[in-house]
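User: Hello! I am new to this structure and would like to know how its descriptions are reached. Could you walk me through them?

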Amino acid sequence: MVGQTRVVLLQGDITEQDTQAIVNAANSRLAGGGGVDGAIHRAGGPAIMAQCDEIRARQGGCPTGQAVLTTGGRLKAQYVIHTVGPIWRGGDHNEDQLLASAYQSSLRLALQHGIKSVAFPSISTGAYGFPLERAAAVAVRAVEGFLLEQPLQEVRWVLFSQRDFQAYLRAWQERGYQQGKNVE
Ligand code: AR6
């Protein structure tokens with residue numbers, strides 16, 4: 001537990017998760033793409049893009065570090081939270097703050113909509129090139145800080161590879177948490 005929130009790390013496919021919402025690592029045009037974004041639209045079907053189109057028409061997309069909500073379509077998850085992580089540009093272009101903001105905006109949006117469980121992928125560490133270890137440290141610190149103030153029922157990280165899984169596990173361990181004890 002992190003405060004009142006159950007935190008779970010697992011290696012797997014985020015599109016198969018049964019949390020109330022899953023988070024998409026989107027782009028600011030909400031235009032779909034490869035990676036986790038492509039997988040979510042494929043698995044959830046066209047209802048997700050239809051709502052992204054409406055958001056784009058209304059507000060032009062989603063700025064880096066912010067988040068928007070759509071249906072989960074055919075997914076088990078009722079909702080998709082689309083957040084936009086920063087593109088890595090060497091580390092001195094506000095990347096850490098924007099990545100932390102992407103995680104925290106996602107959690108804030110969840111709370112605003114009464115969503116109690118959320119699954120995250122490793123935002124920005126694929127096509128956007130953010131170094132894995134640094135991203136994991138930033139992500140864990142941002143989520144821990146948020147949850148200690150405003151708990152949810154469960155936050156899950158769903159990491160595609162063993163290497164990604166190990167990086168997020170180490171990041172929690174470095175903040176004093178232990179697998180099997182306060183993170184699962
Ligand atoms: N479940 C969990 N993780 C996954 C899955 C999956 N099904 N598929 C890929 N990953 P990326 P970014 C991992 O590139 O870096 C898109 O084109 C992947 O192995 O999806 O934030 C968007 O449209 C990696 O560890 O997201 C944007 O244009 C992680 O998810 C851009 O890419 C994130 O990789 C966003 O880039």
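User: In what order do the elements of the protein run from the N terminus on?

Analyst: Happy to help! This is a predicted model, where local features need pLDDT of at least 70, side-chain atom pairs count only at pLDDT 80 or more, and totals for chains, interfaces and linings use all residues. Residues are numbered from 1 along each chain as its sequence is written, and side-chain values use heavy atoms, leaving out hydrogens and water. The order is β-β-α-α-β-β-α-β-α-β-α, with helices (H or I, at least four residues) and strands (E, at least two) taken as DSSP runs numbered from the N terminus.

User: Why is the protein called as compact as a globular protein of that length?

Analyst: Its radius of gyration, taken over C-alpha atoms, is set against the globule rule, 2.2 Å times the number of residues to the power 0.38. The protein has 15 Å, close to the 16 Å that the rule gives for 184 residues, so it is as compact as a globular protein of that length.

User: What makes a set of residues a nonpolar core?

Analyst: Such a core consists of buried Ala, Val, Leu, Ile, Met, Phe, Trp, Tyr and Cys residues joined through side-chain atoms within 4.5 Å. Buried means under 20% relative accessible area (1.4 Å probe, protein chains only), and 49% of the 184 residues count as buried. The largest nonpolar core has 41 residues, and Trp157 and Trp172 are among those with the most contacts inside it. H4 gives this core its largest share, 10 residues.

User: Which residues does Trp172 touch, not counting those up to four places away in sequence?

Analyst: With contact meaning heavy atoms within 4.5 Å, Trp172 touches residues including Val7, Leu9, Val140 and Trp157.

Methods:
Buried means under 20% relative accessible area, exposed over 50%, partly exposed in between (1.4 Å probe, protein chains only).
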